[in-house]
Amino acid sequence: EKAGHSHYMHKEIHEQGMVLRTTLKGRISDGRVDLSKDLNWTQEDAQRWKKVHIIACGTSYYAALVAERVFERWTDLDIRVDIASEYRYRNLRCDPETLAIFVSQSGETADTIAAQRKARAEGAHCMAITNVRGSTLAREVHSILLLKAGPEIGVAATKTFTGQVAALFLSALYLGRLRGSMTADEEARLVNEFLQIPYKVENVLEKENEVIKLAQKYHDRQDFLFIGRGISFPVALEGALKLKEISYIHAEAYAAGEMKHGPIALLDEKVPVMAIIPRDMMYEKTLSNVLEAKARKAPVIGVCTEGDEHASKYMDDYVEVPWTDEEFSPFLTVIPLQLFAFHVAKILGKEIDQPRNLAKSVTVE
Ligand code: F6R
């Protein structure tokens, strides 16, 4: 059932093109996002909402942080993203003007379920993005957008991360459309690029051999720093989480501009910096942070846009991903990070599909 792969995680990483195709299928027609078959939202609902809260744990939370950046662009709503175990004990104003989106692969995460119950009691419209149709979360919410990623067996989430980001992006585009906060031209341009993403993801997966070389070169390091800015910051968080989960190597992620406020003290020639630096609005800024790391002799591994000879000059090593509109770069930049974590863990002989101390669904607080 691993279909020729050594591990479920490897199989699931390689399924991501297909998962994205399935997630988009039937939800885009004539260049527009249409979720009316999935969501029971009315035009009045969409007009009433003033706020969006997105709540999740772990990798699902990082998917939400990626989506935060597009909700703030594509909709006119106030957007907040929080960790479920924090949200449930906070006093964020949540009310009938709030659309609360709960993201959970399993639909069984105790904190996410509890946060949903709280938001629901406060009158929010609660929506779930989940991979499990009959899960507790799915049964309790007002509306559901199913991932259709197929079962994910590896404890480390991979295909459900990209699937969740896609489902959240579809939700943002649909909301933008219902609220009229996006022009038809803008929507058509975004949808057009969105449809290319599964192919571009498959293109990145073909670079696996390059990532294996990086894993061979760096697997014996004790600490890693992952950096990114803008929409690449949550990608850095996710890359660091994958590495620590399955290889048990200490990895931290920072918004690159924060480096000089503390973490730069950690850097020397022993600590590699993984820089997520696609050609986007933040590119020059991230590049200047890369130079700060280089000045401390840290080896820098870049995840760059294809043909970016300028950035690659400053990198000790790099992997390229195809060009895309900046909103969509996380689908591509996260792939080398997943593969890197996988191959480092494999070289180190770790239990990749069943890392110590972790469970696939966390049903206790
Ligand atoms: C990381 C990972 C966990 C989960 C988290 C939430 O690879 O798998 O961080 O993302 O436990 O789980 P769900 O999405 O099922 O609520």
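These legends go with close-up views of the ligand site, the largest pocket and two cavities in a predicted model.

**View 1. The ligand and its nearest neighbours.** There are 13 residues around the ligand, and those that come nearest are Ser60, Ser104, Gln105, Ser106 and Thr109. Sorted by class, this shell holds seven polar, four nonpolar and two charged residues. On the helix side, α4 (58-74) and α11 (232-247) each bring at least two residues to the shell. The top contributor is α4, with three residues.

**View 2. Oxygen atoms of the ligand and their polar partners.** Look for Ser106 here: one of its polar side-chain atoms is 2.7 Å from a ligand oxygen. Glu245 also uses a polar side-chain atom, at 2.8 Å from an oxygen atom of the ligand. With Val155 the partner is a polar backbone atom, and the distance to a ligand oxygen is 3.2 Å. As for how covered the ligand is, it exposes 410 Å² when taken alone, and the protein buries 90% of that.

**View 3. The largest pocket.** Which space does the ligand take? It takes the largest pocket, whose volume is about 550 Å³. In all, 26 residues line this pocket, and Cys57, Gly58, Thr59, Ala359 and Val362 are the ones closest to its centre. At least two lining residues come from each of α4, β5 (98-104), α6 (110-121), α8 (159-179) and α11. The class split of the lining is eleven polar, ten nonpolar and five charged.

**View 4. The largest cavity.** Searching the whole structure turns up three cavities of 30 Å³ or more. The largest cavity has about 60 Å³ of space. Its lining takes in Pro278, Arg279, Asp280 and Thr305, then Val321, Pro322, Trp323 and Thr324, and finally Glu326, Ser329 and Leu332. Five of these lining residues are nonpolar, three are polar and three are charged.

**View 5. The second largest cavity.** This one holds about 50 Å³ of space. Around it sit Asp223, Phe224, Leu225, His250, Glu252, Leu266 and Val271. Two strands, β8 (223-228) and β9 (250-255), are the elements that give two or more residues to this lining. Which of the elements gives the most to the lining of the second largest cavity? That's β8, with three residues. By class, the lining of the second largest cavity has four nonpolar residues, two charged and one polar.

How values were computed
Residues are numbered from 1 along each chain as its sequence is written. This is a predicted model: local features need pLDDT of at least 70, side-chain atom pairs count only at pLDDT 80 or more; totals for chains, interfaces and linings use all residues. Side-chain values use heavy atoms; hydrogens and water are left out. A residue is near a molecule or strand if one of its heavy atoms lies within 4 Å of it. A polar contact is a pair of N or O atoms within 3.5 Å; within protein, one must be able to donate a hydrogen and the other to accept it, and residues adjacent in sequence count only if both atoms are side-chain atoms. Accessible areas come from the Shrake-Rupley method with a 1.4 Å probe; for residues, only the protein chains shown count as cover. On a 1 Å grid over the protein atoms alone, a cavity is a set of points where a 1.4 Å probe fits but cannot get out, and a pocket is an open set with protein on both sides within 12 Å along at least five of seven lines; lining residues have an atom within 4 Å of a point. A molecule sits in a cavity or pocket if more than half of its atoms lie within 2 Å of its grid points. Helices (H or I, at least four residues) and strands (E, at least two) are DSSP runs, numbered from the N terminus. Ala, Val, Leu, Ile, Met, Phe, Trp, Tyr, Cys and Pro count as nonpolar, Asp, Glu, Lys and Arg as charged, and the others, Gly among them, as polar. Grid points are joined across faces, edges and corners, and a volume is the space filled by probe spheres set on the points.
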